[in-house]
Amino acid sequence: MFSIRIKAGRKAYEQIRDGGFSCDRISAFFAPAAGPRWLVATGFDLTLLKAGLLGRKKPVQLIGSSSGAWRFAAWVQPEAEKSYLNLMEAYIRIPYHKDDRAGIVLQNLINVVNSYIEDDALPFALAHKHYRLAVLTARVRHLVASESSWIQSSGLFLCFLMNALSRSTLDHFTERVVFYNGPNPPGFCLKSPFRGRFIQLNRTNFKHAILASGAIPLFVAGIRDIYGAPRGVYRDGGLVDYHQTYDFAESDDDMTLFFHHQERIIPGWFDKRLKHRRTPDVLLDHTLMVFPTEDFVSTLPLGKLPDREDFRSFMDDPATRIRNWQEAVRRSAPLGEQFFELVESGKLRSMVERI
């Protein structure tokens with residue numbers, strides 16, 4: 001029995017069913033804004049890292065929003081597996097107390113980033129031969145840029161109301177800013193329907209971009225005036241790009257790998273309660289999505305994925321939260337091996353479903 005399901009967009013599905021799949025066809029790997037739910041991706045990531053399955057013939061774009069960007073920042077480090085494990089351990093043990101303000105939470109996250117990204121390693125990360133990092137962030141305006149909780153809350157509520165009418169209205173309050181490394185901007189930034197800016201990563205802004213992508217509104221203080229980018233306050237990339245919102249494949253023969261924590265693909269953070277809002281199928285044509293089955297999720301502690309509510313639920317018992325999250329990581333360890341088995345055995349052809 002497999003603990004993962006595989007779904008693919010139209011063109012990726014046709015290629016797989018025709019027996020034309022190879023990991024060398026993957027030109028982009030996307031990781032969504034997931035909060036602590038990213039912990040179920042750890043086994044998948046580490047399997048791919050250890051086997052060196054991606055970027056063998058040409059560099060692969062690692063495109064991440066929020067916790068997805070944090071995952072991929074480890075991939076480009078000199079000792080990627082060690083860095084990834086350091087991130088995992090530090091993230092699981094993040095302290096949280098009832099009276100913690102957004103500035104204190106930000107400092108805790110700074111400590112996490114410093115635990116797995118060394119300043120001396122940044123030149124290596126920026127010149128990585130196999131991977132190109134793209135960090136999705138949101139530069140916020142007006143009320144959403146305030147660090148006053150009630151003002152920011154009012155701005156976010158207004159965003160929700162306007163977004164319910166049209167996602168394009170978010171442009172009044174947020175601007176997508178993509179931080180990237182490599183000689184050229186990611187291909188999706190140069191094609192319609194991309195809206196936003198793209199800024200090259202460097203040694204000065206690398207960590208700030210990673211922090212900004214995970215600066216959850218209200219919960220974490222924003223990152224202000226990132227070097228080399230437009231002035232302003234930067235917050236969680238999931239505000240605009242919660243899950244996949246673009247076709248990231250570099251060419252018509254390429255695919256985008258997407259390890260997700262659930263079946264539903266939600267474009268933006270404000271779309272979570274809008275059941276009708278989804279990424280258009282045409283933008284998922286080249287996507288190969290892997291996600292855990294409901295039966296697998298039911299075996300995790302409390303029968304659910306780790307999430308941010310665990311911080312509040314176990315505020316007075318952090319040891320239990322830590323044990324639950326560690327157990328979720330342990331149970332997720334085989335997911336990458338299962339994907340690898342499907343690819344190597346050719347069973348992927350019979351397992352794949354249409355998105």
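This report describes selected helices, charged residues and backbone features of the structure shown above. The structure is a predicted model.

**Two helices**

Helix H7 covers residues 149-165 and holds 17 residues. At 1.5 Å a residue, this helix should span 24 Å, and its end C-alpha atoms are 25 Å apart, which agrees. The buried residues of H7 are Gln 152, Gly 155, Leu 156, Cys 159 and Asn 163. They cover an arc of only 100 degrees around the axis, and therefore lie on the same side of H7. The general geometry of a helix helps in reading this pattern: an α-helix has 3.6 residues a turn, so residues three or four places apart point the same way. The buried residues of H7 pack against strand S8. On the other side of the helix, Trp 150, Phe 157 and Leu 165 are exposed.

Helix H8, residues 206-213, is mostly covered, as seven of its eight residues are buried. The buried residues are Phe 206, Lys 207, Ala 209, Ile 210, Leu 211, Ala 212 and Ser 213.

**Two buried aspartates without a salt bridge**

Asp 236 is found in the loop between strand S8 (233-235) and strand S9 (255-259). What surrounds Asp 236, which is buried yet has no salt bridge? The nearest side chain of opposite charge belongs to Arg 308, 7.0 Å away. This distance does not meet the salt-bridge rule, because that rule requires a side-chain nitrogen of Lys or Arg within 4 Å of a carboxyl oxygen of Asp or Glu. The side chain of Asp 236 instead makes a polar contact with the side chain of Ser 66, at 2.9 Å. The side chain of Asp 236 also reaches the backbone nitrogen of Gly 238 at 2.6 Å. Leaving aside residues up to four places away in sequence, Asp 236 touches several residues, among them Ala 33, Ala 138 and Pro 217. Two further residues touched by Asp 236 are Ala 212 and Ser 213, both of which are buried in H8.

Asp 100 is found in the loop between helices H4 and H5. This residue, too, is buried yet has no salt bridge, and the nearest side chain of opposite charge, that of Arg 101, is 8.9 Å away. A polar atom of the Asp 100 side chain lies 2.9 Å from the backbone nitrogen of His 97. Not counting residues up to four places away in sequence, Asp 100 touches Pro 95, Val 105 and Asn 108.

Asp 99 lies in the loop between helix H4 (80-92) and helix H5 (102-116). At 65% relative accessibility, Asp 99 counts as exposed. From C-alpha to C-alpha, Asp 99 and Thr 256 are 41 Å apart in space, and they are 157 residues apart in sequence.

**Salt bridges**

The model has a count of 26 salt bridges. Three of them are set out below.

| Acidic residue | Basic residue | Closest N to O distance |
|---|---|---|
| Asp 271 | Arg 167 | 3.4 Å |
| Asp 241 | Arg 176 | 2.8 Å |
| Asp 310 | Lys 304 | 2.7 Å |

The side chains of Asp 271 and Arg 167 meet in a salt bridge. Asp 271 lies in the loop between S9 and strand S10 (287-292) and Arg 167 in the loop between H7 and S5, so the pair ties together parts that are 104 residues apart in sequence. Asp 271 is buried, with a relative accessible area of 0%, whereas Arg 167 counts as partly exposed at 21%.

Asp 241 forms a salt bridge with Arg 176. Because Asp 241 lies in the loop between S8 and S9 and Arg 176 in strand S5, this pair ties together parts that are 65 residues apart in sequence. Asp 241 is buried at 0% relative accessibility, and Arg 176 is buried at 7%.

In the pair of Asp 310 and Lys 304, Asp 310 is buried, with a relative accessible area of 5%, and Lys 304 is partly exposed at 26%. In addition, Arg 5, Lys 7, Glu 263 and Glu 353 are linked in a network of salt bridges.

**Backbone features**

Most residues other than glycine have a negative phi, and most peptide bonds are trans. Where does His 142 lie? His 142 is in the loop between strand S4 (131-140) and H7, and its phi is near 55 degrees, a positive value. Leu 302, in the loop between helix H9 (294-298) and helix H10 (309-313), has a positive phi near 65 degrees. His 142 counts as exposed at 57% relative accessibility, and Leu 302 counts as exposed at 60%.

The peptide bond from Ser 192 to Pro 193 is cis, with omega near 10 degrees. Pro 193 is found in the loop between strand S5 (174-180) and strand S6 (197-200).

Terms used
Residues are numbered from 1 along each chain as its sequence is written. This is a predicted model: local features need pLDDT of at least 70, side-chain atom pairs count only at pLDDT 80 or more; totals for chains, interfaces and linings use all residues. Side-chain values use heavy atoms; hydrogens and water are left out. Helices (H or I, at least four residues) and strands (E, at least two) are DSSP runs, numbered from the N terminus. Buried means under 20% relative accessible area, exposed over 50%, partly exposed in between (1.4 Å probe, protein chains only). Lys and Arg count as positive and Asp and Glu as negative; His and the chain ends are not counted. A polar contact is a pair of N or O atoms within 3.5 Å; within protein, one must be able to donate a hydrogen and the other to accept it, and residues adjacent in sequence count only if both atoms are side-chain atoms. Contact means heavy atoms within 4.5 Å. The expected span of a helix is 1.5 Å times one less than its number of residues. The arc is that of the directions from the helix axis to the C-beta atoms.
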